[in-house]
Amino acid sequence: MKLSVVIPAYNEQESIPETLRSLYQTLAKYGIPHEICVTNDNSKDQTAQVLEQLTHEIPTLVYYTNPGPNGFGYAVRYGLERFTGDCVAVFMADMSDDPEDLVKFYNKMLEGDYDCVFGSRWSKGGKVIDYPELKKVINRTANFIVRIMMGIRYNDTTNAFKLYKRETMEGLKPFLSPHFNLTVELPLKAMVRGYNYAVVPNSWTNRKYGESKLKIKEMGSRYFFILLYCLIEKYLSRGDYRKKTAKPVAPVSR
């Protein structure tokens, strides 16, 4: 099963080399067939030039420049329209995600034939390193609200680090979110539409370089919009968007 890794990157010239080298070395070590798809989200620094140089070093790296509109969700969606693998993970450019965790996600999907594998930083075995305290309080509160409103047990919906089969990702279209609320839209749609999933603990490490692109004040209403949309689909769509399963073919009598 070929793995595609979609990475949005905006002004990540300092972080992206270490992220991509570590990711490639890890996936190559385990012999996982893969491609690394980076979307340069019209960066204003040297991210594009750094990516061009890295293509000569990392044979599985491809990159695109998203001319616009720009934003985290748009950048991820740009990559999701272009990957070629049998499954696809969303991975951060700032070294916050651990490539070893991605290997665990991949193996879990293979073992259980799951449609999706979700990471959880807050389950037993998960951990966060240098997580800002205010951000942690907001994160746990937001995830609690999502759990109560959607009636789910999964406790880290806002975690962007997830893995989906290609047919699952196709079944979640069309995408609505242009910003970080895409991280909530994808798993909630998957649950509402009947795709099965497993949860694997993962780690998160705060970035070494640059600044976070997530602006909490700007995202509250956008997260709430997607939450309400998924809630409406869950109770009012009458299953119109649910996962389609192949019907058994009746034997032909002769």
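Three elements, α3 (72-80), β7 (162-165) and α7 (182-192), each put at least two residues into the lining of the largest cavity. The model behind this picture is a predicted one. Within it, the count of cavities of 30 Å³ or more comes to just one, and the volume of the largest cavity is about 70 Å³. Its walls are made by F72, V76, V90, N159, A160, K162, Y164, L182, T183 and L186. Helix α7 brings the largest share of that lining, with three residues. Sorted by class, the lining of the largest cavity has seven nonpolar residues, two polar ones and a single charged one.

Turning to the open spaces, the second largest pocket comes out at about 200 Å³. A total of 14 residues line this pocket, and E18, M95, S96, D97 and P99 are the ones closest to its centre. Both α1 (16-29) and β9 (203-205) supply at least two residues each to the lining of the second largest pocket. The top contributor is α1, which gives three residues. As for the make-up of this lining, six residues are polar, five are charged and three are nonpolar.

On the outside of the model, F144, I145 and I148 together make a nonpolar surface patch of about 310 Å². One member of this trio, F144, sits in helix α5, which covers residues 133-150.

Next come the contacts between side chains, starting with the rings. A pair of aromatic rings is described by how far apart the centres are and by the angle of the planes. There are ten aromatic pairs in the structure. One of them brings together Y64 and Y78, with 6.4 Å from centre to centre and 65 degrees between the planes, an edge-to-face arrangement. Since Y64 belongs to strand β3 (residues 61-65) and Y78 to helix α3, this pair ties together parts of the chain that lie 14 residues apart in sequence. Helix α3 thus turns up twice here, as it also supplies at least two residues of the lining of the largest cavity.

Charged side chains pair up as well. In general, side chains of opposite charge can pair when their charged atoms come close. The structure has ten salt bridges. Among them is the one between D115 and K243, where the closest N and O atoms are 2.9 Å apart. This pair links distant parts of the chain, with the two positions 128 residues apart: D115 is in the loop between α4 (99-112) and β5 (116-120), while K243 is in the segment after α8 (216-236).

Finally, a few spots in the backbone deserve a look. The peptide bond running from G68 to P69 is cis, and its omega is near 0 degrees. P69 is placed in the loop between β3 and α3, and those are the elements that hold Y64 and Y78 of the aromatic pair described above. Another cis peptide bond is found between K173 and P174, where omega is about 0 degrees. P174 falls in the loop between α6 (166-171) and α7, and α7 is the helix that gives three residues to the lining of the largest cavity. The last of these spots is N42, which has a positive phi of about 60 degrees although it is not a glycine. N42 is part of the loop between β2 (34-40) and α2 (47-54).

Key:
Residues numbered from 1 in each chain as written. Predicted model: local features only at pLDDT ≥ 70, side-chain atom pairs only at ≥ 80, totals over all residues. Heavy atoms only, no water. 1 Å grid on protein atoms, 1.4 Å probe; cavity = no way out; pocket = protein on both sides within 12 Å on 5 of 7 lines; lining within 4 Å. Points joined across faces, edges and corners; volume = space filled by probe spheres on them. Helix = DSSP H or I, 4+ residues; strand = E, 2+ residues; numbered from the N terminus. Nonpolar A, V, L, I, M, F, W, Y, C, P; charged D, E, K, R; others polar. Patch = residues over 30% accessible without salt bridge, like charges linked within 9 Å, V, L, I, M, F, W, Y side chains within 5 Å. Areas by Shrake-Rupley, 256 points an atom, 1.4 Å probe, with all protein chains shown as cover. Salt bridge = Lys/Arg side-chain N within 4 Å of Asp/Glu carboxyl O. Phe/Tyr/Trp six-rings, centres within 6.5 Å; stacked < 30°, edge-to-face > 60°.
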